[in-house]
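Student: I should like to go through this structure and ask, for each term applied to it, what justifies the term.

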Amino acid sequence: MSNIQKKDIEDCSANYVNGWFALFIWLTLAIAAVWNGYITLQQSTFPMWEAGIGFLLIIFTKGFVIIPPNLAAVLTFFGNYTGTIFENGFFWCNPLAASRVVSLRINNFTTETIKVNDKNGNPIEIASVISWRISDTAKATFSVADCASFVKMACESAIREVASSRVYDHSIDENEQLKTLRGDLEGVANDLEEKVGRHVDVAGIEIISAKITHLAYAPEIAMAMLRKQQATAVVAARRQIVEGAV
């Protein structure tokens, strides 16, 4: 099996001109072609030159693009990436180039509540909300088929990785300096944002924020863990009473 080296596509600005200027030229040529065609018909000859100009004007029309705010147009010319129009407004570009509109808006994605095991092997339920947007239009267009699906898979993988690296909560025989999932939600969110960002960087996606929206023990061990927490609280209270008495 031969090794195929894929060339990385770098995001760049496309070549284009102001759409109103191009429209003025188009109208000028159209009026000139119509006027000359009318004169030619008066002379009872077929307007060959005017017909050619009309065909070129039709092709010329395909180059007009309108880009609303927070959108970009990715241009390809016969399969080759030629650049992206990042500005908003009315423009004219190569009429033979195919354009694809890419959204640069911020998207929010709420993950489903998934069941994972924490560092001690206890099953827990966890969910999060991820804010992301496209930062590299070339990678987002040509590196992945669907950015939303790619972010979804990356989030689930990152959540499992973060949850399995920490314990859910402290017990009486654990190191209280250890950062847990429940006691360090901000740190968990930062770790999740970093890991998801590292996974989706290949697709030109930037992670804005990551927040934990649901965190709890799985139903099958929730009651047992509640009794354990209650017993831990009782032991800690009695220990404090004894220390105070001593």
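Student: What makes β9 a mostly covered strand?

Tutor: The model is a predicted one. In it, nine of the 12 residues of β9 are buried. A residue counts as buried when its relative accessible area is under 20%, and β9 is therefore described as mostly covered, since nine of its 12 residues meet that cut-off.

Student: Which strands are joined to β9, and how do you know that β8 and β9 pair?

Tutor: Pairing requires at least two bridges between two strands. β8 and β9 have four bridges, in the antiparallel sense, and therefore qualify as a pair. Strand β7, residues 107-110, is also joined to β9 by four bridges and runs antiparallel to it. β9 and β10 pair in the antiparallel sense as well, over 11 bridges.

Student: Which residues stand opposite each other in these pairings?

Tutor: F109 is opposite I130 in β9, while I114 is opposite I126 in β9. I126 also has a bridge partner in β10, namely L215. β8 and β9 form a hairpin with five residues between them, and G121 in the turn has a positive phi of about 90 degrees.

Student: Why is a set of residues here called a nonpolar core, and how many residues has the largest one?

Tutor: The name applies because its members are buried residues of the nonpolar kinds, joined through side-chain atoms within 4.5 Å. The largest such set has 35 residues, and I124, W132 and L192 have the most contacts inside it. At least two residues each come from β8 (114-117), β9 (123-134), α3 (137-142), α4 (147-163), α5 (185-200) and β10 (205-217). The largest share, eight residues, is supplied by α4. Another core, of nine residues, lies apart from it and includes A14, V65, L71 and F91.

Student: What is W132 in contact with, beyond its neighbours within four places in sequence?

Tutor: Among its contacts are R105, I106, N107 and F109, as well as C147, A148 and V151. W132 also touches I205, E206, I207 and I208.

Student: How do you know that K195 and E161 form a salt bridge?

Tutor: The cut-off is a side-chain nitrogen within 4 Å of a carboxyl oxygen. The closest N and O atoms of K195 and E161 are 3.4 Å apart, so the pair qualifies. It links distant parts of the chain, with K195 in helix α5 and E161 in helix α4, 34 residues apart.

Student: Why is K195 called buried, and what is E161 called?

Tutor: K195 has a relative accessibility of 18%, which is under 20%, so K195 counts as buried. E161, at 33%, falls between 20% and 50% and is therefore partly exposed.

Student: What makes R166 and D191 a salt bridge, and how is each classed for accessibility?

Tutor: Their side chains meet at 2.8 Å, N to O, which is within 4 Å, so the term applies. R166 lies in the loop between α4 and α5, and D191 is in helix α5, 25 residues apart. At 11% relative accessibility R166 is buried, whereas D191, at 24%, is partly exposed.

Student: Which residues are joined with R166 into one network?

Tutor: Salt bridges that share partners join R166, D184 and D191. D184 forms a salt bridge with R166, the closest N and O atoms being 3.1 Å apart, and both D184 and R166 are buried. The whole structure contains five salt bridges.

Key. Residues numbered from 1 in each chain as written. Predicted model: local features only at pLDDT ≥ 70, side-chain atom pairs only at ≥ 80, totals over all residues. Heavy atoms only, no water. Buried < 20%, exposed > 50% of the residue type's maximum accessible area, 1.4 Å probe, protein only. Contact = heavy atoms within 4.5 Å.
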